[in-house]
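I opened the structure beside my notebook and went through it topic by topic. These entries record what I looked up, in the order I looked.

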Amino acid sequence: MTWINYDGLFLISNNSDFAFGFSTTKDVTRFLLNIVHLGSSKVIWSANRGSPVSNSDNFIFGEDGKVSLQKGEDVVWAADTGGKRDFVDGMQLVSDPNLNNLTHILEIKSGNMILYAGFQTPQPYWSVQKESRITINQGGGNVDVASLRENSWRFYDGNKVFLSQFIFSDSVDANATWIAVLGSDGFITFYNLDENGSASQKKIPSDPCSRPEPCDAHFVCSGNNVCQCPSGLRSRSNCQTGIVSTCDGSRDSTELVSAGDGLTYFSLMFLPPSSKTNLEGCKSACQSNCSCLAFFFQNSSGNCFQFSNIGSFQNSEAGPSFMAYIKVLSGGGSGSNAGGDGGSKKSFPIVVIIVIVTLIAICGLLYVAFCYHRRKKKMPESPLETSEEDNFLETLSGMPIRFSYLPLPPTSSPLGSRLYSSFFKSVSGEGTSSGPSDCNSDAYLSSVQLSGPR
């Protein structure tokens with residue numbers, strides 16, 4: 001096969017507008033297989049964004065029109081492109097992930113072309129059958145093929161019967177080169193590569209708030225992409241539920257709270273209801289389902305919609321309004337859900353009681369010990385105790401006799417005064433007063449002076 005080496009691009013289209021080949025990533029030893037518009041140098045398609053290859057890997061272009069890219073022994077991309085140029089049933093166009101790692105997917109399936117939010121359970125947010133700007137040519141058929149022609153996106157059935165079209169530009173130029181790009185923001189945007197890649201004014205979808213995440217998860221989008229936290233989550237940190245993972249044994253620690261009034265959700269008009277019931281039945285079904293993170297209930301129809309992932313809410317404005325409830329971590333918590341079960345919440349009062357009782361017991365013991373120490377410190381030493389020095393002095397002749405003291409008896413009692421007086425009279429034998437003695441009297445001083453050896 002003949003090919004042209006042109007900055008890594010080895011195939012050039014017949015009109016020289018496009019090139020097919022390899023370009024480097026930020027790591028210059030890794031490569032992506034791309035289709036590039038030469039006039040604008042715009043990469044319009046990549047085969048292996050998630051798995052770059054090295055210069056030792058192989059690109060295989062078979063004679064039957066089938067191509068594949070191999071990384072070692074593994075096939076990282078393959079396509080049966082023989083005789084195919086249009087977007088047909090079974091093909092998928094996948095966007096780059098957004099800041100929250102959410103991708104968007106376009107595919108033709110079951111006679112309809114649909115845009116999905118790439119959650120674990122995909123959530124549709126646009127379809128060609130519900131697009132109000134579609135111009136019908138011949139209705140009633142299933143969409144199996146989509147093709148860009150001049151200034152419109154045309155849809156055909158399996159027999160190539162022209163069914164309808166979406167006109168995205170007022171400029172009609174049969175020679176213009178248009179591309180449709182599914183961006184990480186969820187929009188399909190149409191670019192005219194002959195005009196330096198200028199974009200058309202019309203996008204899919206038309207309402208920016210009808211995309212999966214025009215705002216962060218749980219925020220309400222209104223007007224021209226204005227985002228605000230719903231009333232039911234304003235008391236919580238960063239407008240988040242506090243739940244990180246589901247079905248991890250934490251059902252008892254969650255509760256359902258109303259997100260607010262006048263809300264709707266981008267996917268409701270494309271999905272069948274989970275059940276038909278009343279509001280309490282819808283609440284019970286969501287609370288008992290660990291994978292349910294939010295539900296929407298329409299009172300007029302009894303339709304209950306449960307979701308295991310949730311993006312941005314919408315203001316209902318003139319459209320149908322739903323009651324929206326979100327599952328949150330109980331108690332207004334704003335931390336992450338670590339996966340503990342509900343029993344931890346029940347054991348909390350018991351732990352608190354044990355701690356309080358223990359602290360009271362410790363404080364009581366400390367108080368008793370303090371009182372005992374303080375009382376012991378105030379008690380006088382026993383007057384009967386003698387030291388070795390006292391015993392030695394008593395053996396020496398002529399040394400004065402040392403007397404021990406006794407506590408003074410209470411003097412407020414007459415009997416105490418008489419006993420005190422008699423004691424000193426018996427000791428001295430020479431008192432000058434036969435009545436009760438006052439501590440400050442001369443008789444008292446005389447008796448003390450005469451009580452020692454002479």
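Does Phe190 count as buried or exposed? I noted first that the model is predicted, and then I looked up the accessibility. Phe190 counts as buried, because its relative accessibility is 0% and anything under 20% is called buried.

**Entry 1: the partner of Phe190**

I next looked for a ring beside this one, and found that Phe166 and Phe190 form an aromatic pair, with 5.9 Å from centre to centre and 35 degrees between the planes, which makes the pair tilted. Phe166 belongs to strand S16 (residues 162-167) and Phe190 to strand S18 (residues 188-192), so this pair ties together parts of the chain that are 24 residues apart in sequence. Phe166 is buried as well, since its relative accessible area is 1%.

**Entry 2: other aromatic rings**

I then asked how many aromatic pairs the count comes to. The count comes to 22 aromatic pairs. One of them is formed by Phe22 and Phe59, an edge-to-face pair with 6.5 Å between the centres and 85 degrees between the planes. This pair links distant parts of the chain, for Phe22 sits in strand S2 (residues 18-24) and Phe59 in strand S5 (residues 58-61), 37 residues apart. Both residues also appear in one aromatic cluster, whose members are Phe10, Phe20, Phe22, Trp45, Phe59 and Trp77.

I also looked for charged side chains over ring faces. Lys42 lies over the face of Tyr191, 4.7 Å from the ring centre, and Arg154 lies over the face of Phe162, at 5.4 Å from the ring centre.

**Entry 3: helix H1**

Which residues of helix H1 are buried? In this helix, which covers residues 279-288, I wrote down Leu279, Cys282 and Cys286 as buried. Seen down the axis of H1, the buried residues fall within an arc of 65 degrees, and therefore they line one face of the helix. I added a general reminder for myself: an α-helix has 3.6 residues a turn, so residues three or four places apart point the same way.

I then checked what this face meets. The buried residues of H1 pack against strand S22 (254-265), strand S24 (294-298), strand S25 (303-307) and strand S27 (322-329). At the N-terminal end of H1 there is a cap, provided by Asn278, which has a side-chain oxygen 3.4 Å from the backbone nitrogen of Glu280.

**Entry 4: disulfides**

Two of the buried residues in my helix entry are cysteines, Cys282 and Cys286, and this led me to look up disulfides. As a general point, a disulfide is a covalent bond between the sulfur atoms of two cysteines. A search of the whole structure finds 5 disulfides.

Cys282 is joined to Cys304 by a disulfide with an S to S distance of 1.9 Å. The torsion about this S-S bond, between Cys282 and Cys304, is about 75 degrees, so the disulfide is right-handed. It links distant parts of the chain, with Cys282 in helix H1 and Cys304 in strand S25, 22 residues apart. Cys282 and Cys304 are both buried.

Cys286 is joined to Cys292, with an S to S distance of 2.0 Å. This link of Cys286 and Cys292 has -95 degrees about the S-S bond and is left-handed. Cys286 is buried with a relative accessible area of 0%, and Cys292 is buried with 1%.

Cys215 and Cys227 also form a disulfide, with their sulfur atoms 1.9 Å apart. The torsion about the S-S bond of Cys215 and Cys227 is about -80 degrees, so the disulfide is left-handed. Cys215 lies in the loop between strand S19 (198-204) and strand S20 (220-222), while Cys227 lies in strand S21 (residues 226-228), so the pair ties together parts 12 residues apart in sequence. Cys215 counts as buried at 5% relative accessibility, whereas Cys227 is partly exposed, with a relative accessible area of 36%.

**Entry 5: Ser308**

My last search was for Ser308, which lies in the loop between S25 and strand S26 (313-315). Its relative accessibility is 27%, so Ser308 counts as partly exposed. Which residues is Ser308 in contact with, leaving aside its neighbours within four places in sequence? I listed Thr121, Ser291 and Leu293. I also noted that Ser308 and Cys292 are 16 residues apart in sequence, yet 4.7 Å apart in space, C-alpha to C-alpha.

Key. Residues are numbered from 1 along each chain as its sequence is written. This is a predicted model: local features need pLDDT of at least 70, side-chain atom pairs count only at pLDDT 80 or more; totals for chains, interfaces and linings use all residues. Side-chain values use heavy atoms; hydrogens and water are left out. Buried means under 20% relative accessible area, exposed over 50%, partly exposed in between (1.4 Å probe, protein chains only). Helices (H or I, at least four residues) and strands (E, at least two) are DSSP runs, numbered from the N terminus. The arc is that of the directions from the helix axis to the C-beta atoms. Contact means heavy atoms within 4.5 Å. A polar contact is a pair of N or O atoms within 3.5 Å; within protein, one must be able to donate a hydrogen and the other to accept it, and residues adjacent in sequence count only if both atoms are side-chain atoms. Rings of Phe, Tyr and Trp (its six-membered ring) pair if their centres lie within 6.5 Å; planes under 30 degrees apart count as stacked, over 60 as edge-to-face and the rest as tilted. A charge sits over a ring if NZ of Lys or CZ of Arg is within 6 Å of the ring centre and within 35 degrees of the ring normal. A disulfide is a pair of cysteine sulfur atoms within 2.5 Å.
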